[in-house]
Amino acid sequence: TSPNDRAFLYFSGHGTHIDDTSGDEQDNNDEVLMPHDTKYANGTLKNTLVDDRFGELLKDIRAREVLVFIDACHSGTATKSFGQGYPKYYRYNGMPQVNKGNFKPQEVMKSGRFVALSACKDTETALATKKGSLFTCGVSAAVQKAASSGRSLDLNELKRIVTRYIENNATPDSVHHPVISGNSSLASNN
């Protein structure tokens, strides 16, 4: 990318926690995303994308605006249930005890070049179904509808539409709430 570009990153997969080895987390846990090559070994996960590293990678993007979508859980203790759906959260033997999650590289998001839309609050798990993740399905439906009518969406409107989609397609006890973080003025741009 160049300084004049706009960049878009989209991750849809599992999120979880590992022990914090850098000492920068108050709860002693790092939040991680799980790429396809994540492996479980010796009571922990290998090849994860740690929130600290994600922040470093974002800083290296030279674009003037960076839009990040994260469709993954970052907290919770739910187990898989194939009725309505299942959480996009990965629990493993040896996982650290967690009370919250926070996969947001806060320092990077404050720079003004970044805005993120995440599938759920830090204290929630995102839900996936046999048809796909509710967040991703909601984003896809909203974008397709807007495109077919020649409209554009800003991130705030997209969040509202996706929130309604999740509410309409999840059981009341499994509703999760998308969150916008970063530069609020970027969230208002089409």
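Contact here means heavy atoms within 4.5 Å. By that yardstick, and leaving aside neighbours within four places in sequence, Val139 is in contact with Tyr10, Phe69, Leu158 and Val162. The model behind this picture is a predicted one, and Val139 makes a handy way into its interior.

Val139 belongs to the largest nonpolar core, which has 22 residues. Phe69, Leu117, Phe135, Leu155, Leu158 and Val162 join Val139 as the residues with the most contacts inside this core. Two or more residues each come from β9 (114-118), α3 (134-148), α4 (155-169) and α5 (184-187). Helix α3 gives the largest share, with 5 residues. Apart from this core lies another, made of 13 residues, including Ile61, Val66, Phe114 and Ala116.

Zooming out for a moment, the protein has 190 residues, of which 46% count as buried. Its secondary structure comes to 5 helices and 12 strands. Taking the contacts in the protein with a separation of 6 or more, 71% are between residues 24 or more positions apart.

Now to the sheets. One is an open sheet of 4 strands, running in the order β1-β7-β9-β12 with mixed pairing. Its edges are β1 (6-12) and β12 (179-182), each of which pairs on one side only. From one strand to the next, the twist averages 15°. Strands β9 and β12 pair in the antiparallel sense, over 4 bridges. Ala116 has Ser181 in β12 as its bridge partner; Ala116 also turned up above, among the residues of the 13-residue core.

Two helices sit against this sheet. Helix α1 (residues 51-59) packs on it and touches β1, β7 (65-71) and β9, with its direction at about 150° to that of β7. Helix α3 packs on the sheet too, touching β1, β7 and β9, and its direction makes about 130° with that of β7.

There is also an open sheet of 3 strands, in the order β2-β3-β6, where the pairing is antiparallel. Here the edge strands are β2 (14-19) and β6 (49-50), and each pairs on one side only. Between β2 and β3 (residues 29-34), the antiparallel pairing extends over 6 bridges. Within that ladder, Gly15 stands opposite Leu33 in β3.

Back to α3 and its helix partner. Helices α3 and α4 pack at an angle of about 125°, and their axes are 9 Å apart. Angles between 115 and 145 degrees are neither roughly perpendicular nor roughly antiparallel, so α3 counts as oblique to α4. The crossing of the two helices is right-handed. On the α3 side, the residues that meet α4 are Leu134, Phe135, Cys137, Gly138, Val139 and Ala142. Across from them, α4 brings in Leu158, Ile161, Val162, Tyr165, Ile166 and Asn169. Leu158 and Val162 are the α4 residues already listed as contacts of Val139.

One last spot is the loop between β12 and α5, the place of Asn183. Is Asn183 buried or exposed? Its relative accessibility is 18%, and the cut-off for buried is under 20%, so Asn183 counts as buried. Asn183 and Leu67 are 116 residues apart in sequence, yet 9.9 Å separates them in space, C-alpha to C-alpha.

Terms used:
Residues numbered from 1 in each chain as written. Predicted model: local features only at pLDDT ≥ 70, side-chain atom pairs only at ≥ 80, totals over all residues. Heavy atoms only, no water. Core = buried A, V, L, I, M, F, W, Y, C linked by side-chain atoms within 4.5 Å. Buried < 20%, exposed > 50% of the residue type's maximum accessible area, 1.4 Å probe, protein only. Pairing = 2+ DSSP bridges. Axes fitted to C-alpha atoms, helices over the stretch in contact; angles between N-to-C directions. Parallel < 35°, antiparallel > 145°, perpendicular 65-115°, else oblique. Left-handed = near helix turned anticlockwise from the far one by under 90°.
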